[in-house]
Amino acid sequence: MEKNALNRVKAQLAQLDKENKWVDIDRDEVIDQLIYEEIKAASYELDNERVGQLVKHLIEESEKLK
């Protein structure tokens with residue numbers, strides 16, 4: 001689950017890179033929003049422990065993307 005969520009975030013960032021959309025938007029804010037959406041979606045599918053693991057993983061990885 002963690003890798004899938006991170007891959008979706010990276011794919012969306014790559015699309016924005018491709019479209020060169022960074023003039024109008026802040027990359028860090030976009031990353032934070034994408035991570036939030038992944039966590040929100042996971043909260044409907046996973047138990048609290050797995051959501052916690054996902055949150056930890058995504059936060060660590062998002063710092064690398066910023």
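Contact here means heavy atoms within 4.5 Å. The model is predicted: local features need pLDDT of at least 70, side-chain atom pairs count only at pLDDT 80 or more, and totals for chains, interfaces and linings use all residues. Residues are numbered from 1 along each chain as its sequence is written, and side-chain values use heavy atoms, leaving out hydrogens and water.

**Exercise 1. Find out which elements the protein chain has and how confident the predictor is in them.**

Step 1. Helices (H or I, at least four residues) and strands (E, at least two) are DSSP runs, numbered from the N terminus. The protein chain has 3 helices and 0 strands, giving the pattern α-α-α along the sequence.

Step 2. Now turn to pLDDT, the predictor's confidence in each residue, from 0 to 100. The chain average is 91, and 100% of the residues score at least 70.

Step 3. Among the elements, the lowest mean pLDDT (91) belongs to helix α1 (residues 2-19), and the highest (93) to helix α2 (residues 27-45).

**Exercise 2. Work out where Glu-38 sits and what surrounds it.**

Step 1. Look for Glu-38 in helix α2.

Step 2. Buried means under 20% relative accessible area, exposed over 50%, and partly exposed in between (1.4 Å probe, protein chains only). Glu-38 has a relative accessible area of 10%, so this residue is buried.

Step 3. Set aside neighbours within four places in sequence: Glu-38 is then in contact with Ala-5, Arg-8, Val-9, Leu-54 and Leu-58.

**Exercise 3. Describe the largest nonpolar core.**

Step 1. A nonpolar core is a set of buried Ala, Val, Leu, Ile, Met, Phe, Trp, Tyr and Cys residues joined through side-chain atoms within 4.5 Å.

Step 2. The largest such core has 15 residues, and Leu-13, Val-30 and Leu-58 have the most contacts inside it. Helices α1, α2 and α3 (48-65) are the elements that each give two or more residues to this core.

Step 3. Pick out Val-30: not counting residues up to four places away in sequence, Val-30 touches Leu-13, Leu-16, Trp-22 and Ile-25.

Step 4. For the chain as a whole, buried residues make up 27% of its 66 residues.

**Exercise 4. Decide whether Glu-49 is buried or exposed, and find its separation from Glu-19.**

Step 1. Glu-49 belongs to helix α3.

Step 2. Its relative accessibility is 59%, so Glu-49 counts as exposed.

Step 3. Glu-49 and Glu-19 are 30 residues apart along the chain, and 37 Å separates their C-alpha atoms.
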